[in-house]
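Me: I am new to this structure and would love a close look at one part of it. Please start with the salt bridges, and then walk me outward from there into the surroundings.

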Amino acid sequence: MRIIFIGPPGAGKGTQAERLVQTYRMAHLSTGDMLRAARDAKTEVGLKAEQYMSKGALVPDEVIVDIIAQRLEQPDCQDGYLLDGFPRTIAQAEALDAMLAKKGTPLDAVLELQVPEDELFRRLASRGRADDSPQVIRQRLVAYRQQTEPLLAYYRQRSLLKSIDGLGTVDEIFRRACQVLNQ
Ligand code: AMP
């Protein structure tokens, strides 16, 4: 299964992604994890990305599209994957569509985790990652609303969007995710 997992920062995507990739045997492709690893390794891409990440802004589309294009060629992606944190803009979604059309491997679903904004801010503020100062959190939520939310309509038009309520226990949310993916 090839799926996109979409949701605002703080929605609990990471936790659910871990369980979903185990259950459905998909590679877990988290662009945030990839960029943090590149930053920590001080690669050229990592150092460039850090300038954006530290402000809560998105890194430029061409940087992230290159990373994903290379990643999708790896053997562990051939039996399916869950994209976590990508695409985040319409341009990224279009680039992904072009890549997948060329490979003849269409997406199966786009899973959206829905969490109200006041709850997101509360969760993010208590998480305490280095890029989680209140100002950076606010900026990441703004980036989501302005640049990523338009993807919901994009995938709804393509009949791929499946939205689930992201409030509740980890188990409850996981069951909802499995239910819509099994349909
Ligand atoms: P995440 O862990 O997915 O919230 O990503 C952390 C940060 O990495 C984001 O705030 C962005 O700066 C950057 N990032 C991750 N994925 C993308 C993407 N698909 N496009 C642009 N920037 C990204």
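Reply: Searching the whole structure turns up 11 salt bridges. A salt bridge here is a side-chain nitrogen of Lys or Arg within 4 Å of a carboxyl oxygen of Asp or Glu. Side chains of opposite charge can pair when their charged atoms come close. Please keep in mind that this is a predicted model, in which local features need pLDDT of at least 70 and side-chain atom pairs count only at pLDDT 80 or more, while totals for chains, interfaces and linings use all residues. Residues are numbered from 1 along each chain as its sequence is written, and side-chain values use heavy atoms, with hydrogens and water left out.

Let's begin with D84 and K13, whose side chains meet in a salt bridge at 3.2 Å, N to O. The two belong to distant parts of the chain, 71 residues apart: D84 sits in strand β3 (residues 81–84) and K13 in helix α1 (residues 13–24). Helices (H or I, at least four residues) and strands (E, at least two) are DSSP runs, numbered from the N terminus. Both D84 and K13 are buried. Buried means under 20% relative accessible area, exposed over 50%, and partly exposed in between, with a 1.4 Å probe and protein chains only.

Another pair is E73 and K103, with their closest N and O atoms 2.8 Å apart. Because E73 is in the loop between α4 (61–71) and β3 while K103 is in helix α5, this salt bridge ties together parts that are 30 residues apart in sequence. E73 counts as exposed, since its relative accessibility is 53%, and K103 counts as partly exposed at 33%.

R71 and D76 also form a salt bridge, and here the closest N and O atoms are 2.7 Å apart. With 21% relative accessibility, R71 is partly exposed; D76, at 40%, is partly exposed too. Finally, R39, D40 and E50 are linked in a network of salt bridges.

From that network we can step to helix α3 (residues 44–53), where G46, A49 and M53 are buried. These residues span an arc of only 65° around the axis, so they are on the same side of α3. The arc is that of the directions from the helix axis to the C-beta atoms. Among the elements covering them are α2 (31–40) and α7, where contact means heavy atoms within 4.5 Å.

Helix α2 brings us to the ligand, because it supplies the largest share of the shell around it, four residues. In total 15 residues surround the ligand, and T31, A57, G85, R88 and Q92 come nearest. A residue is near a molecule or strand if one of its heavy atoms lies within 4 Å of it.

Some polar contacts are worth finding in your view; a polar contact is a pair of N or O atoms within 3.5 Å, and within protein, one must be able to donate a hydrogen and the other to accept it, with residues adjacent in sequence counting only if both atoms are side-chain atoms. A polar backbone atom of A57 is 2.6 Å from an oxygen atom of the ligand. V59 places a backbone N or O atom 3.1 Å from a ligand nitrogen atom. R140 uses its side chain, with a polar atom 3.0 Å from an oxygen atom of the ligand. On its own the ligand has 480 Å² of accessible area, and the protein covers 95% of that. Accessible areas come from the Shrake-Rupley method with a 1.4 Å probe; for residues, only the protein chains shown count as cover.

Last, look at the backbone in a few loops. A cis peptide bond with omega of about -5° joins F86 and P87, and P87 is in the loop between β3 and α5. R25, in the loop between α1 and β2 (27–30), has a positive phi of about 50° although it is not a glycine. K42, in the loop between α2 and α3, has a positive phi as well, near 55°. R25 is exposed at 70% relative accessibility, and K42 is exposed with a relative accessible area of 62%.
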